[in-house]
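User: I'm new to reading structures, and I'd like to zoom in on one part instead of skimming everything. Could you pick a spot and walk me through it and its surroundings?

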Amino acid sequence: MRRSMSTLLSILVIACGRAENSARAVIQNKGSDTLITVAQAWAEAYSAVDAEVAVAVSGGGSGTGISAMINGTVDIANSSRKMTSREIEAARANGNDPVEHLVGHDALAVYVHLDNPVGRLTLDQLAGIYGENGTIERWSQLDVQVPGCASDEIVRVSRQNNSGTFAYFREAVLDNEDFKLGSHDMHGSKDVVHLVAQTPCSIGYSGMAYATPEVTMPCVMGTAGDPCIAPSIETALDGSYPISRPLLMYTSGSPAGEVKAYLDWVLGDAGQCIMLELGYTPAMPAECVQ
Amino acid sequence: MTGTAAPLFAGTSLNARDRKVEWLVRALLGLMTALLILPVVIIMALLVVEGGPVISWEFLTSPPVDGMTAGGILPALVGTVWLVVVALIASVPVGVAAAVYLSEYAPDNWLTRAINLAIINLAGVPSIVHALFGVGAFVLFFRFGTSILAASLTLAVMTLPVVIVSTRESLQAVPRAFREACWNMGATRWQTIRRIVLPNALSGILTGIILEVSRTSGETAPIMFTGAAFFLPFLPQGVLDQTMAMSLHLFVITTQVPDAPEALPFGVALVLISMVLAMNALSIAFRMYVRGRKKW
Amino acid sequence: MNPQALARSRDFDHRGRAWYVDRAVTVFVFIGGTSAILFIGGIFAFIAREGLGFVFSEFDAGEFFGSIAWRPTSALDATYGALALIVGTASITGLAMVVSIPFSLAAAVFIGEFARGRVRETLKVLVELLAAIPSVVWGFIGFSIMNSLIIDLFDVPIGLNVLNAGIILGLMAAPIMTTIAEDALKAVPDGYREAAEALGATRWQVIRKVVIPAAKNGLVAAVLLGVGRGFGETMVVLMASGHSINLPDSVFDSVRALTATIAAELGETAVGSDHFRALFTLGILLFMVTFAINLAADTIMRGIRRKGERGRP
């Protein structure tokens, strides 16, 4: 019995082992959910550029990447927010010196249900909806009547409290005040959009690249009276869209070897065009064949 | 006796009412049972209808492409096999030893009671607590990092009770007379166990192992932080690599991957549930076969 | 040494090896046997190692059990109020039991006492398959399908709520309750049933008046194990409950559970930070509650077993 068991196991293990490719060096890349799609697409495309290098991507959010950078378990940390000085100190204490690389921009879009007629929102209104001291609880307070939302209640869709998107929204919209409790804290950017698409009463925020035809993105004004800017690659690049954030990759020390080659490729035309294709705003001007 | 009682009472109105109640109760209980089981059927039908069209040979044998919105699930499938195999290697010897101890050696004392209580608790502790243990012990303390090894060991500890309980049951099903006959011939305890008890209980043990495979391959929470990755462009090559896994892949494409076609998560769910149910069906069929063949 | 003595000593040697192997195996299986204790102790030790550091430094019992403000990453002042998480877990588990207990016990009675032959075997297999559906698949169904269904059916703002997670959790807890309850019914000696039938009772009367009272403790244990199952479930409550810090007024409110909070936040938290240790503190709480539930169920079941042995002729 034991022999047949072990034969079975070894066959399985060998079968798995045989299917591997010849990748030698592994770059550990971890972090932001906002960046994950593009990081994954880069990793996928890069395997054609250099078959000897494999990029292992995992998500979980900016906090994951940054804490992995602090713990020294990652080669490149993806983040949709800057590391705080406390985090940088913690990393240095562990012998890692985080170096920041700007790889693109992302407009943080506000999403509502397709039937929701609210076409424009100010940052103050957003703060009133999401902020701890905000008083906007019902759509009628925004002079909006949402079909299919009989209760008139605003269902706030947010992100879990250590995602980069959460932190950036808090900084840019709530001025670092706390969120009102009772928001629906989704685990991924796609969750947010998916839930908003299904739920007439809801409002959510996520990277613009997560937009689908089943949701609408109201334009956003800095204050009432400002021009209302719709999130787009152009408005994120020229800085007119008020809630657009840098997308960053951190390395420990100046990159060298395979990591440097990979980052150079990411910031080159090939990498930046992939970014553009996926709905993000490139950091470098890139010549792309459409 | 009932034969004489039935006609005696059949005519009374009391008896007629009782029988009506009996019939009603029976119908109600049957209906509630059906309602409980209905979801299995609905879910399977739904997954087959929505996810069936996605599944093809290519889907099973190619890696995901285009930001995981297209292509297949090969790395996740292979990763799940890795996790399960390593977990089995770790847990089966320990689990079988524990069952042999409990069934063949353990006296009825406080220690045995404590072991039984520990087994029940291992099975009852929430999977996320097992995940915390995996992070605290294997990832951080033993410095395995997030790896197949850490994830599989977490799964092994979590599913240990499945092996122990089913093995113990099948060992105890071997009649005591078999053992006594063997002891009378001068065999030691271990010789008896090795030559007589284990061979007779083998099929029961295998049933338990198959059941463990089914449990292990469906778990998500324990591997989220201990070894599973969002995307890996290569298949794992050793136990210290990270890996993709079917269960986490379903979670990831449901919650994090934009622009994935509606049918894709259904397809992944269908493959996952088919794997798990196939294992369970195998274990059930095996058990029935064994029961049918049993000569004592 | 004469040849006879040599032969005898060789013979002795031979027996000696078997004896040593036997001893070695005894030690090995003893270690294996006690491994379960080792692991459960290890689980507690490793969770406590991370979690107790928080309990003895930042922990404020009044805040932890009395406040709903779970804001571990606040830019202003991190607070760790777990009240809403505890209430969330309790409300989902509570609804799950309301759904699950009648159906599971009904199924146990039907399968154990009414169904016969092939119907009975088929039902048992289907119940087992219900138990086999992975939790992430349930969660996916709750998130992708039941959300819109609940919005449409009940005209409520959001379908990720206590109702959604509670129904799914009820279905997930049902198999274990059904199986254990059926075992408890089966453990009632046939003599009881025969005696009641001999008095002219119908089968339902036998079940209601004789079998269920006799199996009462086992049924309670079944319910307890079901509660434990629901209490500890993670993926479903993460995906289907709305994950919203809230003290619910009705089953249509979204809530957030203890397990889901750990699952959502652990991955993104720097190892060793207060937040990280606070999540392990939630783990200690979960561990202790499930331990208590399992201990209670085990005590009840052991009582039955002992009574069964005493009752045996």
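Analyst: Let's start with a word we'll need: a crossing of two helices is right-handed if the near helix is turned clockwise from the far one by less than a right angle, and left-handed if it is turned anticlockwise. Helices themselves (H or I, at least four residues) and strands (E, at least two) are DSSP runs, numbered from the N terminus. What you see is a predicted model, where local features need pLDDT of at least 70 and side-chain atom pairs count only at pLDDT 80 or more, while totals for chains, interfaces and linings use all residues. Residues count from 1 along each chain as its sequence is written, with chains lettered from A and ligands numbered from 1 in the order in which they are written.

Our spot is a helix pair in chain C. Helix α6 (residues 162-186) and helix α9 (residues 216-232) of chain C pack with their axes 8 Å apart, at an angle of about 155°. Those axes are lines fitted to C-alpha atoms, for helices over the stretch in contact, and angles run from 0 to 180 degrees between N-to-C directions. Under 35 degrees counts as roughly parallel, over 145 as roughly antiparallel, 65 to 115 as roughly perpendicular and the rest as oblique. So α6(C) and α9(C) are roughly antiparallel to each other, and their crossing is right-handed.

Who touches whom? Two residues are in contact if their C-beta atoms, placed from the backbone, lie within 7 Å. On α6(C), the residues that meet α9(C) include C:L169, C:M172, C:A173 and C:I176. Facing them from α9(C) are residues including C:G218, C:L219, C:A221 and C:A222. By class, this contact has 13 nonpolar, 3 polar and 2 charged residues. Here Ala, Val, Leu, Ile, Met, Phe, Trp, Tyr, Cys and Pro count as nonpolar, Asp, Glu, Lys and Arg as charged, and the others, Gly among them, as polar.

Now follow the chain to C:A187, which sits in the loop between α6 and α7 (190-198) of chain C. A residue is buried with 20 or more other C-beta atoms within 10 Å of its own, exposed with 12 or fewer, and partly exposed in between, again with C-beta atoms placed from the backbone. C:A187 has 17 such neighbours within 10 Å, so C:A187 is partly exposed. C:S104 is 83 residues away along the chain, and its C-alpha atom is 17 Å from that of C:A187.

Zoom out to the whole of chain C. Its domain assignment gives domain 1 (3-57) and domain 2 (70-311); such bounds come from an automatic or database domain assignment. The C-alpha centres of these two domains of chain C are 36 Å apart. Contacts link 8 residues of domain 1 of chain C with 9 residues of domain 2 of chain C, and the domain 1 side splits into 5 nonpolar, 2 polar and 1 charged.

Next door is chain B: 72 of its residues are in contact with 75 residues of chain C. Helix α2 (residues 13-51) of chain B gives the most to the chain B side, with 16 residues. That side holds 53 nonpolar, 14 polar and 5 charged residues.

One meeting point between these chains is another helix pair. Helix α12 (residues 263-293) of chain B and helix α4 (residues 117-132) of chain C cross at roughly 145°, their axes coming within 10 Å. This crossing of α12(B) and α4(C) is right-handed too. B:V276, B:L277, B:N280 and B:I284 from α12(B) make the contact with C:V125, C:E128, C:L129 and C:A132 from α4(C). Sorted by class, that's 6 nonpolar, 1 polar and 1 charged.

Chain C also helps cover helix α11 (residues 246-255) of chain B, in which 10 of 10 residues are buried. The cover over α11(B) includes α5 (135-154) of chain C, α7 (189-198) of chain A and α12 of chain B.

Finally, chain A touches chain C as well, with 31 residues of chain A in contact with 29 of chain C. On the chain A side, the largest share, 5 residues, comes from α3(A). This side of chain A has 8 nonpolar, 19 polar and 4 charged residues.
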